[in-house]
Amino acid sequence: MNEQSALSAIGATPGAPEHGMSGPTDARADARLLALLEHAAGAHYRFVTPTSATVRRRLAQAPPAEPAARDVLGWGFDFAAEDMPPLHCLLKDAGVLEEADGRLRSRLRIASLDEELLLHAGGPGAAEDAVFLGPDSYRFARLIQSKVAFGAASAVLDIGTGAGVGALVAARLSPGARLTAIDINPKALTLARINLRHAGLEARLVLTNGLADVEDLFDLIVANPPYVAGRSGRIYKDGGDMHGARLSLDWTQQALERLAPGGRFVLYTGSPISMGGRDILGEHLKALARKAGCALDYEEIDPDIFGGELRRPEYRDVERIAAIGAVFTRPS
């Protein structure tokens, strides 16, 4: 499948809409992807997406003799059309099948989050603009659920929405809230739109890099930015300088400028811990909170994630990467 057809397969178009505008909508493509999610929901599909390393290890093992939907849509195994006729038809209609050596593979996967199902794209060797959902997404969702009271928000913003996890969880906690989700990746906005619609939610979706095109104030903002150091060219991965912490810091500064009185900004990200134990990002976030006059609830959720990245030269003076949660609250 070439780049044009791959983009068309999930409802995005090359050339990109203008910044500040919602991603393009193809009603027929949306309906076909929604049918795929509805089929999975009707079959009580469940699959918790693990790390890429775990997926690679599973795919290196013998494929299942009689594949189930979770083998194809969760793990990403190849399959033959005759193995799964209904699923094959749905994937073909949606335009998300690729073929190699007589075998078929879905370009999209489905993850479960509590009772919700979400389409996402990406696995081992994924494209530069893949839309990932994995362990970080689950930690992000749990952080929001633990820190946001039900009904606390009337206007919600998800920065860098990806597959829409943050937007969906925040919206479930804020029934009737005005929901906005932004991303730099048009493929992400397409999948977020489908996932939110399947959940019965509508959102304003904005293609933008940063918050310059979003002028409103919000009483709940959530974000799970990329935080890996270096320049891989992958939208979902690169966090900029400061050992990958720059984007988290930039998004925090912008989010605090859009936070309404009494509002909360919930940030899940990775913080590089330097040799000697300094929490580099944590120090900067605390300084931003003081400057903005916000209370800060800061915690280390997991002390050691993405340990394999530490072999790279960008981390030569970092002893570990910690998953952290930071909740900023602006006084009323």
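This short presentation covers the nonpolar cores, one helix and the aromatic pairs of a predicted model.

Local features require pLDDT of at least 70 and side-chain atom pairs count only at pLDDT 80 or more, whereas totals for chains, interfaces and linings use all residues. Residues are numbered from 1 along each chain as its sequence is written, and side-chain values use heavy atoms, with hydrogens and water left out.

I begin with the cores. The largest nonpolar core (buried Ala, Val, Leu, Ile, Met, Phe, Trp, Tyr and Cys residues joined through side-chain atoms within 4.5 Å) has 72 residues. Buried means under 20% relative accessible area, exposed over 50%, and partly exposed in between, with a 1.4 Å probe and protein chains only. L91, I110 and L119 have the most contacts inside this core. Its largest share, seven residues, comes from helix α7, residues 165-173; helices are DSSP runs of H or I, at least four residues, and strands runs of E, at least two, numbered from the N terminus.

Next, helix α2. The buried residues of α2 are A29, D30, L33, L34, L36, L37 and A40. Viewed down the helix axis, they fall within an arc of 150° (taken from the directions from the axis to the C-beta atoms), so they line one face of α2. A27, R28 and G42, on the other side, are exposed.

Finally, the aromatic rings. Rings of Phe, Tyr and Trp (its six-membered ring) pair if their centres lie within 6.5 Å; planes under 30 degrees apart are stacked, over 60 edge-to-face, and the rest tilted. The count is three aromatic pairs. F47 and W75 form an edge-to-face pair, at 5.1 Å centre to centre and 80° between the planes. Both F47 and W75 are buried.
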